[in-house]
Amino acid sequence: MAVGQNKRLSKGKKGKGKKAVDAFSKKDWYDIKAPSAFQVRNVGKTLVTRSSGMRVATEFLKGRVVEANLADLNKDEDQNYRKIKLQIMDVQGKNCLCNFYGMDMTTDKIRSLVKKWQTTIECAVDVTTTDGYKLRMFCIAFTKKRQNQLKKTTYAQTAQIKAIRKKMTDIMTKEATTVDLKELVRKFIPNSIGTQIEQACQCLYPLKDVYIRKVKTLKAPRFDITKLMEVHGSSTEVSSAPISSIDEGSKVDRPSETPA
């Protein structure tokens, strides 16, 4: 062995005296609040490291995206194929106020819809709501047999597919550009746009299982706390949330001073 090398052989392990600190002891729990369009407002909880020095905990919460199932948000198991994305926009006390960020369908639902002997028609369109949100909406539909049809297959011709796709684009654009984001979310929940497309395309080719498959937020307007509070409605648990518990003490009666 070379002289002067491996000097740490005689010493103990490096960092032996350090104590293991539980990481969760430095973190706080915050409640996630959904917009008023959903029945269940308490989505869940999220963790963040406490504020220390120049590091403010609330700044690390803003912008987080959480995913929840629509069946849990509306207490309806028939809507369990919908996934809703919510983005934390503001923090008040221990409440994180969210806004709609996106929507998707579960993989197993889409897999169950795709079958043989039918045509799958998909369409995507970019829309801008009246309050400035730019969204990309995806629609999916499937052909079905006509009344009293004996033929096994239900394939649509290319011209019919193009005409159906044009109808889809027109209806989605019309429904999205005439309302704000809050009202548009209310249309997504019962799938009213999909039902409208199905009825409009009946003259071109009979359709079934027409859904707004996915919604993405491409661009959002500048943050406005007033509009966010409108989205959350007059929720007492949000508005009356204590920002900080400060002990103001109790009132003390002082004896009245009499002039000498």
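This short talk walks through the pocket, the cavities and two buried residues of the structure above, which is a predicted model.

Before the details, a word on conventions: residues are numbered from 1 along each chain as its sequence is written, and side-chain values use heavy atoms, with hydrogens and water left out. Since this is a predicted model, local features need pLDDT of at least 70 and side-chain atom pairs count only at pLDDT 80 or more, while totals for chains, interfaces and linings use all residues.

Let me begin with the open space. The largest pocket has a volume of about 280 Å³, where a pocket, on a 1 Å grid over the protein atoms alone, is an open set of points with protein on both sides within 12 Å along at least five of seven lines; grid points are joined across faces, edges and corners, and a volume is the space filled by probe spheres set on the points. Lining residues, meaning those with an atom within 4 Å of a point, number 16 here, and Asp131, Tyr133, Lys227, Leu228 and Val231 are the closest to the pocket's centre. Helix 7 (225-232) and helix 5 (181-188) each supply at least two residues of that lining, and helix 7 gives the most, with four; helices are DSSP runs of H or I with at least four residues, strands are runs of E with at least two, and both are numbered from the N terminus. By class, the pocket lining divides into eight nonpolar, one polar and seven charged residues, counting Ala, Val, Leu, Ile, Met, Phe, Trp, Tyr, Cys and Pro as nonpolar, Asp, Glu, Lys and Arg as charged, and the others, Gly among them, as polar.

Now to the enclosed space. A cavity is a set of grid points where a 1.4 Å probe fits but cannot get out, and the whole structure has two of 30 Å³ or more. The largest cavity holds about 70 Å³, and the residues that line it include Pro35, Phe38, Asn99, Leu181 and Val231. Helix 5 provides the largest share of this lining, three residues, and the lining as a whole comprises seven nonpolar, two polar and one charged.

The second largest cavity, at about 50 Å³, is lined by Gln87, Met89, Asn99, Phe100, Tyr101, Tyr133, Thr217 and Ala220. Its largest share, three residues, comes from strand 5, and its lining has five nonpolar, three polar and no charged residues.

Which strand holds asparagine 99? Asparagine 99 lies in strand 5, and it counts as buried because its relative accessibility is 9%, buried being under 20% relative accessible area, exposed over 50% and partly exposed in between, with a 1.4 Å probe and protein chains only. The side chains of asparagine 99 and tyrosine 133 are joined by a polar contact of 3.2 Å; such a contact is a pair of N or O atoms within 3.5 Å, where within protein one must be able to donate a hydrogen and the other to accept it, and residues adjacent in sequence count only if both atoms are side-chain atoms.

Finally, glutamate 175, in helix 4 (residues 158-177), is buried at a relative accessible area of 13%. Its side chain makes a polar contact of 2.8 Å with the side chain of lysine 187. Beyond residues up to four places away in sequence, glutamate 175 touches Leu184, Lys187, Ile193 and Gln196, a contact being heavy atoms within 4.5 Å.
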